[in-house]
Each structure stands twice: as structure tokens, then as C-alpha cells.
Amino acid sequence: MTPAIVSESRVESDRFGLRIGRVHVGADVDVGQLESACSGFDVVILRCAATEVDLPYRLRGLRDFRAFTADHLSIWRWEVGEPGPIVLPDGWSVGLSTDAGAVADVVRDAFADYRNHYRANPLFDASAALDVYVDWAHTLMARSDDACTVVCDPTGDEVGVALVDWNDEVPDIKLAGIRRRAQGRGRYGALVSYVMGLAVDRSSPALTISTQSHNVNVMRAWSRLGFLPVDTLVTMHLVRGELLDDWAATAGTGGRTLDPTGSVAPVASAPVESPPT
């Protein structure tokens, strides 16, 4: 049995105002040992292979935490070869950027409505989730001058951004998005193609990228560029039960209620409200 080791995520802890940890577990995880490893945290973001279909049921055995599935993460990989052509209209451009302020603006706009695993947790504020994305972007930009690729419109405004962690053994595109006003016009493909070219220049063996399983449009774009799906992970949130109880008592469940296992279930007769997310 491989013991579960929970690492604190300082960025997420600072932004959400809770002590947040992260852990990846395998098939042999011991639920009792996992709970002991989680004891110093308010929320633990757990990831496991999607093949561990019995884990959500097994986590019903947690005493102080309630576990719920937050998303399914699809991971894609490109074996470095010949990148696709970069196709942009006249006046548009793609290249590297070190403008942290402009990048932050693009990230906030591109991901403003995005349904990621943070949105599954009623304790997490949506604006704070965007702050986490911006923090990640700035951290990656501080590591290397070629971490950030942008697409610019004819006025020079940045409308798309891709952030890469080149420190990974296999470089990984951590964030990639286009401002809402410029989506659906092929700009995203040009953005990722440029990063693929950077991977070639760095003699990287491969390039990976991931997204929630519902994000079908970007996965179609990746397929056209030569990426292939290689893995699927399940994200679960383990949250202290008293925190969920306090939220339900003070903020209201917003038309949702927590069943005894910690899952969030709709209530048909409840008023329609928007809970904090």
C-alpha cells in the first residue's frame, strides 16, 4: 500500500481563505490513512485514475470529511513532430509575451464562465478561482521568458493566452484560452500551434494538455492539431463536514441540499437562488 501524502496548495489556500491540500491516490489507497493525512486541511483536492470507479463509494467511510466528485479531467499528448500551420487573418499575430497585466486581463475574461472543479464546491468563490488562474499564470511567467504565448488582434490587444510549464519532464500547457469576443474563429488553434513550435525548438519529447471532459470543442481542436487522448482522471473534493454544514446554515443551500454522503442534490421545491461558488 502506498501511503497518501497530502501537500498544501499555498496559492489556493491564500485565495480561498481555507487550508487546501492536494493528493493523487492509487487503487490501493487506505481510506483510514488518507483521512489521517487530510487531518490538517479544510479541503483536499484528490485526483485518481478514472478506472478507480469504486473510490467514491469507499470514501463514504470518511468520518470528518465529505467527498464529492468535482470533475473528470481528460489528458491529451502530442508526440513532438511537425507542428500544424499557424493560420491567422491579416493583421493578427502570435508570439511571446511578458506583460503580466495584459495576460491577467485575458485569463479573467477567457475563463470567467468556465465550469471547472472549483465551481463544484460551494465554499469556493468564483472570483477567487479566477485569481488562482492568474496567480498560476504569473508564476509560470516568472519561471521562463517563453512560458507565455499570446494572440493579438490588429490593434495589438492580446485576445488569447497559453501558459506552459517547461520545467516538467514533458512540458505541459497549464492554461490556454481566448477572450469571449474572439472565440470560435480559429484563434485558439493558432495559439496552440505556436506552442507546439516552441516544443520543437526546445527538443521536447512531447507536449501535454488537459481539460474537463465536458470541454468538447477544445478537444476537437487538439485532435485536429495531432494530439491524442492518453488518460482520464477524476477530481474529488474532500471537505470537512462542519464547513459544509456551516455554509448550508448561514449562506443557504440555494435550492440544493447535501445528502448524508456529502453529495449535492437538487431540491425541486426549494426556491431558486445562487449560492456562493
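This report walks through the sheet, the aromatic pairs and a few single side chains of the structure above.

First, some ground rules. The model is predicted, so to speak of local features a pLDDT of at least 70 is needed and side-chain atom pairs count only at pLDDT 80 or more, while totals for chains, interfaces and linings use all residues. Residues are numbered from 1 along each chain as its sequence is written, and side-chain values use heavy atoms, with hydrogens and water left out.

**The sheet**

Let's begin with the strands. Ten of them form an open sheet with mixed pairing, in the order β1-β2-β3-β10-β4-β9-β8-β7-β6-β5. Strands here are DSSP runs of E with at least two residues, helices are runs of H or I with at least four, and both are numbered from the N terminus. Two strands pair if DSSP finds at least two bridges between them. In general, strands of a sheet pair through backbone hydrogen bonds, either parallel or antiparallel. At the edges sit β1 (7-8) and β5 (93-96), each of which pairs on one side only.

Here are some neighbouring strands side by side.

| Strands | Sense | Bridges |
|---|---|---|
| β5 and β6 | antiparallel | four bridges |
| β6 and β7 | antiparallel | five bridges |
| β7 and β8 | antiparallel | six bridges |
| β8 and β9 | parallel | two bridges |

How many residues of strand β6 are buried? Five of the five residues of β6 (residues 148-152) are buried, so this strand is largely enclosed by the rest of the structure. Buried means under 20% relative accessible area, against over 50% for exposed, with partly exposed in between (1.4 Å probe, protein chains only). Both faces of β6 are covered, with Cys148, Val150 and Cys152 on one side and Thr149 and Val151 on the other. On the β5 side, Ser93 has Cys152 of β6 as its bridge partner. Towards β7, Val150 is matched with Val161. The β6 and β7 strands form a hairpin with five residues between them, and Gly156 in the turn has a positive phi of about 95 degrees.

Moving along the sheet, a second hairpin joins β7 to β8 through six residues. Ala162 finds its bridge partner in β8 at Ala176. Strand β8 (residues 172-178) is mostly covered too, as six of its seven residues are buried. Across to β9 (residues 206-212), the bridge partner of Asp172 is Thr208. β8, helix α6 (residues 187-201) and β9 make a right-handed β-α-β unit. Right-handed here means that, with the strands pointing away from the viewer, the path from the first strand over the helix to the second runs clockwise.

**Aromatic rings**

Now for the rings. The structure holds nine aromatic pairs. Rings of Phe, Tyr and Trp (its six-membered ring) pair if their centres lie within 6.5 Å; planes under 30 degrees apart count as stacked, over 60 as edge-to-face and the rest as tilted. One of the pairs is Trp78 with Phe227, which is tilted, at 6.4 Å centre to centre and 35 degrees between the planes. This pair links distant parts of the chain, with Trp78 in strand β4 (residues 65-79) and Phe227 in the loop between α7 (216-225) and β10 (228-240), 149 residues apart. Trp78 and Phe227 are both buried.

Tyr118 and Phe124 form an edge-to-face pair, 5.9 Å centre to centre with 70 degrees between the planes. Tyr118 counts as buried because its relative accessibility is 1%, and Phe124 is buried at 1% as well. Ring pairs link these two with Phe16, Phe111, Tyr114, Tyr133 and Trp136 into a cluster.

Two arginines also meet rings. Arg19 lies over the face of Phe41, at 4.4 Å from the ring centre, and the charged end of Arg187 sits over the ring of Trp92, 4.1 Å from its centre. The rule is that NZ of Lys or CZ of Arg is within 6 Å of the ring centre and within 35 degrees of the ring normal.

**Around Ser13**

Finally, one residue of helix α1 (residues 10-16), Ser13. Is Ser13 buried or exposed? Ser13 has a relative accessible area of 7%, so it is buried. A polar atom of its side chain lies 2.9 Å from the backbone nitrogen of Ile20. Leaving aside neighbours within four places in sequence, Ser13 is in contact (heavy atoms within 4.5 Å) with Glu8, Leu18, Arg19 and Ile20.

Methods:
Polar contact = N/O pair within 3.5 Å; in protein donor to acceptor, adjacent residues only side chain to side chain.
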